[in-house]
Amino acid sequence: MSSSDQGRESGEGSSSRSASASADQYQQQQQQQQQQQPAQLSRYESQKRRDWNTFGQYLRNQRPPVALPQCSYNHVLDFLRYLDQFGKTKVHIQGCVFFGQPDPAGPCTCPLRQAWGSLDALIGRLRAAYEENGGLPETNPFASGAIRVYLREVRDSQAKARGIPYKKKKKKRNQMKGAINEGTSSSFQM
């Protein structure tokens, strides 16, 4: 083999090695970019993160600041009342001429509040976020019975103020299952 053949062979080998090395570098760069860019969060996950950060900021702004492990359902109730100032739902008070009317004829001075559905969804997201961030289900302040009572009172008072009673949707019975049961029971009656 001549020296030019050896040079060609070594050159070919080095070019294939450099091509595989650059491919490896490219793959490493892609992996680094994927690690640097967090996966696109769902709308629910994004909202849950924002809500969790907002609640954390609320606790830090308390005088004195409240650490998350010391947070109780009372802090959660105070947070829900605090949020009412940012509400967009008109809740008529007892003495208002529009109290109990679903479609008021004109404007009034009744306060704006957070809608019950918004508060209910918020508590659900915060309850999940608490446990995802290391909180124990037994100590979850968002799962307290006092929170459920508060939400029920908000729901009922808003429904009464609007004149639209809240009716819980009934679960539909599985009709297929009912038909099967009826068919088998009739065959046994023969």
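**Before you look.** Buried means under 20% relative accessible area, exposed means over 50%, and partly exposed is anything in between (1.4 Å probe, protein chains only). What you're looking at is a predicted model, where local features need pLDDT of at least 70 and side-chain atom pairs count only at pLDDT 80 or more, while totals for chains, interfaces and linings use all residues. Residues are numbered from 1 along each chain as its sequence is written, and side-chain values use heavy atoms, with hydrogens and water left out.

**View 1. Y82 and F86 meet edge-to-face.** Two rings of Phe, Tyr or Trp (for Trp, the six-membered ring) make a pair if their centres lie within 6.5 Å; planes under 30 degrees apart are stacked, over 60 edge-to-face, and the rest tilted. Searching the whole structure turns up 9 aromatic pairs. In the one shown here, Y82 and F86 sit 5.5 Å apart, centre to centre, with 80 degrees between their planes. Are these two partners buried or exposed? Neither label fits, because Y82 has a relative accessible area of 36% and F86 comes in at 46%, which makes both partly exposed.

**View 2. Y130 and F142 are another edge-to-face pair.** Their ring centres are 6.2 Å apart and the planes meet at 65 degrees, so this pair is edge-to-face. Y130 belongs to helix α4 (residues 116-132), whereas F142 is in the loop between α4 and α5 (145-162), so the pair ties together parts that are 12 residues apart in sequence. Helices here are DSSP runs of H or I with at least four residues, numbered from the N terminus. Y130 and F142 are both buried. They also belong to one aromatic cluster, together with W52, F55, Y58, F79, Y82 and F86.

**View 3. C96 and C110 do not make a disulfide.** A disulfide needs two cysteine sulfur atoms within 2.5 Å. How many disulfides does that rule give? The count is 0. For C96, the nearest cysteine sulfur is that of C110, 3.5 Å away. Turn it around and C110 tells the matching story: its nearest cysteine sulfur belongs to C96, at 3.5 Å. C96 is buried, with 13% relative accessible area, and C110 is buried too, at 7%.

**View 4. Helix α2 holds a salt bridge between E45 and K48.** A salt bridge is a side-chain nitrogen of Lys or Arg within 4 Å of a carboxyl oxygen of Asp or Glu. The whole structure has 5 of them. Between E45 and K48, the closest N and O atoms are 3.2 Å apart. The two residues lie 3 apart in α2 (residues 43-60), about one turn of the helix. E45 is partly exposed at 30% relative accessibility, but K48 is buried at 3%.

**View 5. R81 and D78 form a salt bridge within helix α3.** The closest N and O atoms of R81 and D78 are 3.4 Å apart. Once again the partners are 3 residues apart, about one turn of the helix, this time in α3 (residues 73-83). Both ends are partly exposed: R81 at 44% and D78 at 37%.

**View 6. R155 has two contacts to show, with W116 and D156.** R155 lies over the face of W116, 6.0 Å from the ring centre. To count, NZ of Lys or CZ of Arg must be within 6 Å of the ring centre and within 35 degrees of the ring normal. R155 also forms a salt bridge with D156, with the closest N and O atoms 3.2 Å apart. D156 is partly exposed, at 38%. Elsewhere, salt bridges that share partners join E45, K48 and E132 into one network.

**View 7. Helix α5 has a buried side.** With 18 residues, α5 reaches 26 Å from its first C-alpha to its last, close to the 26 Å expected (1.5 Å times one less than the number of residues). Which residues of α5 are buried? They are I147, Y150, L151, V154, Q158, A159 and A161. These cover an arc of only 165 degrees around the axis (taken from the directions from the helix axis to the C-beta atoms), which puts them on the same side of α5. The face turned away from that buried side carries the exposed residues E153 and K160.

**View 8. R63 and P64 are joined by a cis peptide bond.** Its omega is about -5 degrees. Most peptide bonds are trans. P64 is found in the loop between α2 and α3.
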